[in-house]
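Reader: Could you walk me through this one, please? I would like to go residue by residue and then look at the whole chain.
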Amino acid sequence: MKMNSLGLPIKESEELAKELNILLSNFQVYYQNLRGLHWNIRGKKFFDLHVKFEELYNDSQLKIDLIAERVLTIGGTPLHTFSAYIDK
């Protein structure tokens with residue numbers, strides 16, 4: 001069995017990187033949707049919702065970074081274009 005530099009099986013690491021890139025893609029689209037909601041809130045609940053959406057997209061941004069770093073750590077390449085995200 002071939003191992004990567006971390007001592008993990010290469011085949012399983014590649015599959016995990018693929019699945020993490022799907023998760024990364026979903027989080028990136030989710031993040032962008034949250035930004036759009038944050039920018040376009042109207043009405044009586046504006047201030048409450050504006051703050052909540054900002055909290056949610058900031059949290060998503062942290063998770064996106066962690067997922068991308070994990071993909072790199074196991075030897076993969078994190079996706080980084082919206083066309084790649086949509087394809088997933």
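Reader: To start, where does Gly75 lie?
Author: Gly75 lies in the loop between H2 and H3, where helices are DSSP runs of H or I with at least four residues, strands are runs of E with at least two, and both are numbered from the N terminus. Before going on, please keep in mind that this is a predicted model, in which local features need pLDDT of at least 70 and side-chain atom pairs count only at pLDDT 80 or more, while totals for chains, interfaces and linings use all residues. Residues are numbered from 1 along each chain as its sequence is written, and side-chain values use heavy atoms, with hydrogens and water left out.

Reader: And is Gly75 buried or exposed?
Author: Gly75 is exposed, with a relative accessible area of 65%; buried means under 20% relative accessible area, exposed means over 50%, and partly exposed is in between, with a 1.4 Å probe and protein chains only.

Reader: How far is Gly75 from Ser13 in space?
Author: Their C-alpha atoms are separated by 7.4 Å, although Gly75 and Ser13 are 62 residues apart along the chain.

Reader: Ser13 caught my eye; which side chain does it share a polar contact with?
Author: The partner is the side chain of Asn4, at 3.2 Å. A polar contact here is a pair of N or O atoms within 3.5 Å; within protein, one must be able to donate a hydrogen and the other to accept it, and residues adjacent in sequence count only if both atoms are side-chain atoms.

Reader: Where is Asn4, and what else is around it?
Author: Asn4 lies in the segment before helix H1, which covers 10–39, and Asn4 is buried, with a relative accessible area of 18%. Not counting residues up to four places away in sequence, Asn4 touches Ile10, Ser13 and Ile74, where contact means heavy atoms within 4.5 Å. A polar atom of the Asn4 side chain also lies 2.9 Å from the backbone nitrogen of Leu6.

Reader: Moving into H1, what does Ser25 touch?
Author: Ser25 is found in helix H1 and is buried, with a relative accessible area of 1%. Leaving out residues up to four places away in sequence, Ser25 touches Leu79, Ala84, Tyr85 and Lys88.

Reader: How about Leu23, also in H1?
Author: Leu23 counts as partly exposed, at 37% relative accessibility. Leu23 and Met1 are 22 residues apart in sequence, and their C-alpha atoms are 27 Å apart in space.

Reader: Switching to H2, which residues is Ile64 in contact with?
Author: Ile64 has its place in helix H2 and counts as buried at 10% relative accessibility. Its neighbours within four places in sequence aside, Ile64 is in contact with Leu24, Phe27, Gln28 and Tyr31. From Ile64 to Ser25, which is 39 residues apart from it along the chain, the C-alpha separation is 8.8 Å.

Reader: Back to the loop, is His80 buried or exposed?
Author: His80 is exposed, with a relative accessible area of 65%, and is found in the loop between helix H2 (46–73) and helix H3 (82–87). His80 and Leu8 are 72 residues apart in sequence and 24 Å apart in space, C-alpha to C-alpha.

Reader: Now the whole chain: how many helices and strands does it have?
Author: The protein chain has three helices and zero strands, and from the N terminus on the elements run α-α-α. Its radius of gyration is 17 Å, well over the 12 Å that the globule rule gives for 88 residues, so the chain is more spread out than a compact globule; the radius is taken over C-alpha atoms, and the rule is 2.2 Å times the number of residues to the power 0.38.

Reader: What does the C-alpha trace span, and how much is buried?
Author: Along its principal axes the trace spans about 60 × 25 × 15 Å, and 30% of the 88 residues count as buried.
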